[in-house]
Amino acid sequence: MNPPSRTDILDAVPAGPAAVSLAAGVAGVAGSYAVASFTPSFIAGPIAGLLARRLPAVVVTYSILLLGDLGSRLNLIVALVLSAGLLAVAAGVGIATAERLEVAAAAAPIAGVLAAGVTVTVTAATLPSLAAGVAVALVVAAANLVSITDREAGFRDRRSVLGGVVSAIGALGGGYLLGSGDLSAARPERSAVDDDGAEAEIGPLLQEADEKSLDVPDLEPLVSERFYEVDINTTDPTVSPDDWTLSVTGAVDEEVSYTYDEITGMDAENRFVTLRCVGEKLNARKLDNALWTGVPIMDLVDPAGPADECCVMLHATDGYYQEFPLAALEDGFLAYGMNGETLPRGHGYPARVLIPGHWGEINVKWVTEIEVLDEEAQGYWEERGWHGTGPVKTVAKLHLVEELDGGRVRVGGHAYAGTRGIGGVEVSTDGGETWTDATLSEPLPGEDVWRQWVHAYDAPEGAHDVVVRAIEADGTVQPAEETDPFPSGPSGWVTRTVGDGGSNPF
Ligand SMILES: Nc1nc2c(c(=O)[nH]1)N[C@H]1C(S)=C(S)[C@@H](COP(=O)(O)O)O[C@H]1N2
Ligand SMILES: [Mo]
């Protein structure tokens, strides 16, 4: 049989069948979600990724700067609508074909098979695609059944549309409940560390961070409670450690490859490392700290005998890649544990790279390959115009503004200077005329760790500008000049207007 032509489909699918198809499309997305949950096997995952990658760099950059997380949410919504549309077309073709064959009962199976085919083409995942197909077929069958009393009317019957919509709502609810369920199956029950010595250090180090955190309830402690996430994709990859390896390739004497068990079986270390995203706004919250468990990266790279001139390109399972100097890799760490637990999926399970003192973007998650290069190349974000592979800029955030008893005000936040270290934080409550030293948290062990600061003062009458600046360990004052995040990260002193008429009237 010839596939129906475009006009055939349009003719055969007026309002009734179109509504049923649409309901079936929505149900198909729910079916896919029910089995895949929020992973790349969910039909909207690869579509969102494709959108992000195909959009011109300027649009991506614009949406990061101006829309922030809203940008990725919009991207997801568009991907969901496109996914439902794609499956609706599959259902529509199924219905139209059945009508042409004059076998009403054929509509559901044809629609289901087509929808499953479309989904498996997009995701390459069988089970969730079958679920999408079944959900589409069910909605079409339900629409068909409801109108069975009036065979002639077929999918043009109002009741068939109603039947389709009601069963789609059922599929949506069921799909959501199933898909949003426990994701921990994607993470095996392994202890984060095989090395007993390193494991024994974790508890005391976390306790130290707790004790050194300033006693200010509304200020995030020294180990972040909610560590930010930045990804090129809407859905995080699901990588099984049994299939995963890390290879050292390229300009090396001999390529080497490690399994998860080999790496977690090596001598481990625990390090506090702070990460900051180059694309964040000056006083935003894409700055966080954790205690990571893993191995020094050169323990893995040295056995390969890397050529020592140039640089490395790291590759990851999500299609991300970043290039930076080999010299920076030398202080690097491969982490498979975070705050005493197995590295969470969102932060790169089974393993991620941490490069002290550098912007977050080269701290590659889900890393699979360290390619040694003898010539410079561009990474994912550099191809899109960013300059985010170098050392982080120094910053003092101002997140806490609270009124204390007796007309006093307390301000506070975190300060970070990468491996240059924080020596102090200065606060001005008169718009930068005069400066006072803030109280700092005791430093945590490590080369690349933030500190908290707080400062309480007698509130002047009315609105006033609080300005804060970080001082690096060697006395260098953070530059005052303000720049945009694009292309090389935000700089400047954070200012907030506090008190009556200000943006923070408590
Ligand atoms: N594989 C992979 N690694 C990645 C990214 C990514 O999209 N894919 N994002 C990078 C960026 S821009 C930042 S700021 C950090 C954020 O790490 P986090 O999500 O653990 O906070 O991861 C980096 N590593
Ligand atoms: Mo980033």
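## Ligand 1 and its surroundings

An oxygen atom of ligand 1 lies 2.7 Å from an N or O atom in the side chain of Arg352. This is a predicted model, and the ligand is a good place to begin a tour of it. Lys365 offers another contact of this kind: an N or O atom in the side chain of Lys365 is 2.5 Å from an oxygen atom of ligand 1. With Asn363 the partner belongs to the backbone, where a polar atom is 3.1 Å from a nitrogen atom of the ligand.

How much of ligand 1 does the protein bury? Taken alone, ligand 1 exposes 530 Å², and the protein buries 99% of that. There are 20 residues around the ligand, and those that come nearest are Tyr228, Asp318, His347, Arg352 and Lys365. Sorted by character, the shell holds 11 nonpolar residues, three polar ones and six charged ones.

## Aromatic pairs

Now for the rings. A pair of aromatic rings is described by the distance of the centres and the angle of the planes. In this model the count comes to 12 aromatic pairs. One of them joins Tyr380 and Trp381: their ring centres are 5.1 Å apart and their planes stand at 85 degrees, over the 60 degrees needed, so the pair is edge-to-face. Both Tyr380 and Trp381 are buried.

These two residues also belong to a wider group. Tyr320, Tyr321, Tyr380, Trp381, Trp386 and Phe486 form one aromatic cluster.

## Two tryptophans and an arginine

Another pair is made by Trp435 and Trp493, with ring centres 5.2 Å apart and planes at 80 degrees, so this pair is edge-to-face as well. Trp435 and Trp493 link distant parts of the chain, being 58 residues apart. Trp435 sits in the loop between β14 (422-428) and β15 (436-437), while Trp493 sits in the loop between β18 (464-472) and β19 (494-498). Is Trp435 buried or partly exposed? Its relative accessible area is 23%, and buried would require under 20%, so Trp435 counts as partly exposed.

Arg469 deserves a look alongside this pair. It lies over the face of Trp435, at 3.7 Å from the ring centre. The charged end of Arg469 also sits over the ring of Trp493, 5.0 Å from the centre of that ring.

## Cis peptide bonds

Most residues other than glycine have a negative phi, and most peptide bonds are trans. With that in mind, a few places along the backbone are worth finding in the structure.

The peptide bond from Tyr349 to Pro350 is cis, with omega near 15 degrees. Pro350 belongs to the loop between β8 (341-342) and β9 (352-354). Phe486 and Pro487 are also joined by a cis peptide bond, with omega about 5 degrees. Pro487 is placed in the loop between β18 and β19, and Phe486 is one of the residues in the aromatic cluster described above.

## Residues with positive phi

Which residues have a positive phi although they are not glycines? Ser37 is one of them, with a phi of about 45 degrees. You will find Ser37 in the loop between α2 (15-36) and α3 (44-54). Ser37 has a relative accessibility of 9%, so it counts as buried.

Asn339 is another example, with a positive phi of about 50 degrees. Asn339 lies in the loop between β7 (333-338) and β8. Its relative accessible area is 22%, so Asn339 is partly exposed.

Conventions:
Residues numbered from 1 in each chain as written. Chains lettered and ligands numbered in written order. Predicted model: local features only at pLDDT ≥ 70, side-chain atom pairs only at ≥ 80, totals over all residues. Heavy atoms only, no water. Phe/Tyr/Trp six-rings, centres within 6.5 Å; stacked < 30°, edge-to-face > 60°. Buried < 20%, exposed > 50% of the residue type's maximum accessible area, 1.4 Å probe, protein only. Helix = DSSP H or I, 4+ residues; strand = E, 2+ residues; numbered from the N terminus. Lys NZ or Arg CZ within 6 Å of the ring centre and 35° of its normal. Near = heavy atom within 4 Å. Polar contact = N/O pair within 3.5 Å; in protein donor to acceptor, adjacent residues only side chain to side chain. Areas by Shrake-Rupley, 256 points an atom, 1.4 Å probe, with all protein chains shown as cover. Nonpolar A, V, L, I, M, F, W, Y, C, P; charged D, E, K, R; others polar.
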